[in-house]
Amino acid sequence: MDEADTKLRKAGGRLCCICNQRRAALKRPKTLEQICRECFYEVFEEEIHQVIVDNQLFKPGERIAIGASGGKDSTVLAYVLSELNQRHNYGLDLFLLSVDEGITGYRDDSLETVKRNEMQYGLPLKIVSYKDLYGWTMDEIVKMIGLKNNCTFCGVFRRQALDRGASLLKVDKLATGHNADDIAETVLLNILRGDIARLSRCTSITTGEDGPIPRCKPFKYTYEKEIMFTYAYFKRLDYFSTECIYSPNAYRGFAREFIKDLERIRPRAILDIIKSGENFRIATSTKMPEQGTCERCGYISSQKWCKACVLLEGLNRGLPKLGIGRNKGLNNDRKKDAKQTSGAKSIESKQCGTLDF
């Protein structure tokens, strides 16, 4: 035991288990290793690099859009991808892509963070808005639908808005900041809902190969704690930390709390759930939805109309619950709906549009 080690132990501290030189600054949630900041930065970034290489997420020369909300996940993703792209010579053209849902006091503030990230990381930024794409803001939608089902609209519209933005940027892939906690939550939600179609692909690190723009998740095995409370905090990255004002009662929140409870009991529970999801085998006799294109806007859909078009039609007719829940609305029985709504006043708005900008 050298003099530095002796002094540190007398002071009540522990040495980093990796370098055995510097004082340990944290205990990693998924490994319980006590390591210093410098070693944490190295292993954190190296793990992301290995995930990218092992899964062949990117190819040299590709244009990659990073879904940027201003939150800790997307901010760390933008920072790390920018660093790794230079360090390992990936040869990628990186862009920031943000969606403005039109939520006053939340998204307008977070977009200011993204604009600062644009300058800090030297990455071009593209912002697409619900108002421009659909003719509605989330503030307007919430006024009509209330707080109970608003996340359904936002989730469907955001997914399509990201694809539309990616199409405008002419990128090859869209990288999102979904972390291990997010994926574990999705596995549980799909089990609870009995959603076989999504259960079969929810743990895939790359999805949407049959759609307009493939999506990849470099943070698939990265814990939220390490992203936010450790890496982003120690690096002093500029991110927006306020939760959406319209999502306190979102169904996903209950799964998130359950995951946190499991993690406190068994730190590796998050990875265990992901691995379980990866090992699911769907019976060959199970009939999966056939992917086609929406007759109205051309977006990928297993129905005649995509979910966004159905929801938008409900909003425009003044019947926002038309596409909520298991009711297929226009896709199942348009004639019946037309009779029920013949007296409803039509609200003019932009249609869902086409993906060919």
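**View 1. Strands β3 and β4 lie side by side in parallel, joined by 5 bridges.** Here β3 covers residues 63-67, and β4 spans residues 93-100. Helices and strands in these legends are DSSP runs numbered from the N terminus: H or I over at least four residues for a helix, E over at least two for a strand. Two strands count as paired if DSSP finds at least two bridges between them. To find your way in, look for Ile-64, whose bridge partner in β4 is Leu-94. The chain travels from β3 through α3 to β4, and this β-α-β crossover is right-handed; that is, with the strands pointing away from the viewer, the path from the first strand over the helix to the second runs clockwise. Strand β4 is mostly covered, with 6 of its 8 residues buried, where buried means under 20% relative accessible area, exposed over 50%, and partly exposed in between (1.4 Å probe, protein chains only).

A note on the model: it is predicted, so local features need pLDDT of at least 70 and side-chain atom pairs count only at pLDDT 80 or more, while totals for chains, interfaces and linings use all residues. Residues are numbered from 1 along each chain as its sequence is written, and side-chain values use heavy atoms, with hydrogens and water left out.

**View 2. On to the neighbours of β3 and β4 in the open sheet.** The sheet has 6 strands in the order β5-β4-β3-β6-β8-β7, with mixed pairing. Its edge strands are β5 and β7 (206-207), each pairing on one side only. Strand β5 (residues 125-129) runs parallel to β4 over 5 bridges, and Ser-98 has Ile-127 as its bridge partner in β5. Another right-handed β-α-β crossover takes the chain from β4 through α4 to β5. Strand β6 (residues 173-175) pairs with β3 in the parallel sense over 3 bridges; there, Lys-173 is the bridge partner of Ile-64.

**View 3. A search of the whole structure turns up 1 cavity of 30 Å³ or more.** A cavity is a set of points, on a 1 Å grid over the protein atoms alone, where a 1.4 Å probe fits but cannot get out; lining residues have an atom within 4 Å of a point. The volume, about 30 Å³, is the space filled by probe spheres set on the points, which are joined across faces, edges and corners. Ala-68, Ser-69, Gly-70, Ser-74, Thr-75, Ala-78, Leu-96, Val-114 and Asn-117 line the cavity. Helices α3 (72-87) and α4 (107-121) each supply at least two of these residues, and α3 gives the largest share, 3 residues.

**View 4. Asp-109 sits in helix α4.** Asp-109 is partly exposed, with a relative accessible area of 39%. Asp-109 and Gly-70 are 39 residues apart in sequence and 8.9 Å apart in space, C-alpha to C-alpha.

**View 5. Helix α8 (residues 180-193) is largely enclosed by the rest of the structure, because 11 of its 14 residues are buried.** Among them are Ile-183, Val-187, Leu-188 and Leu-189, along with Asp-181, Asp-182 and Glu-185. Helix α8 reaches 20 Å from its first C-alpha to its last, close to the 20 Å expected at 1.5 Å a residue; the expected span is 1.5 Å times one less than the number of residues.

**View 6. Helix α10 (residues 224-235) has 12 residues and reaches 15 Å, close to the 16 Å expected.** Its buried residues include Ile-227, Met-228, Tyr-231 and Phe-234. Arg-236 follows α10 and has a positive phi, near 55°.

Key: On a 1 Å grid over the protein atoms alone, a cavity is a set of points where a 1.4 Å probe fits but cannot get out, and a pocket is an open set with protein on both sides within 12 Å along at least five of seven lines; lining residues have an atom within 4 Å of a point.
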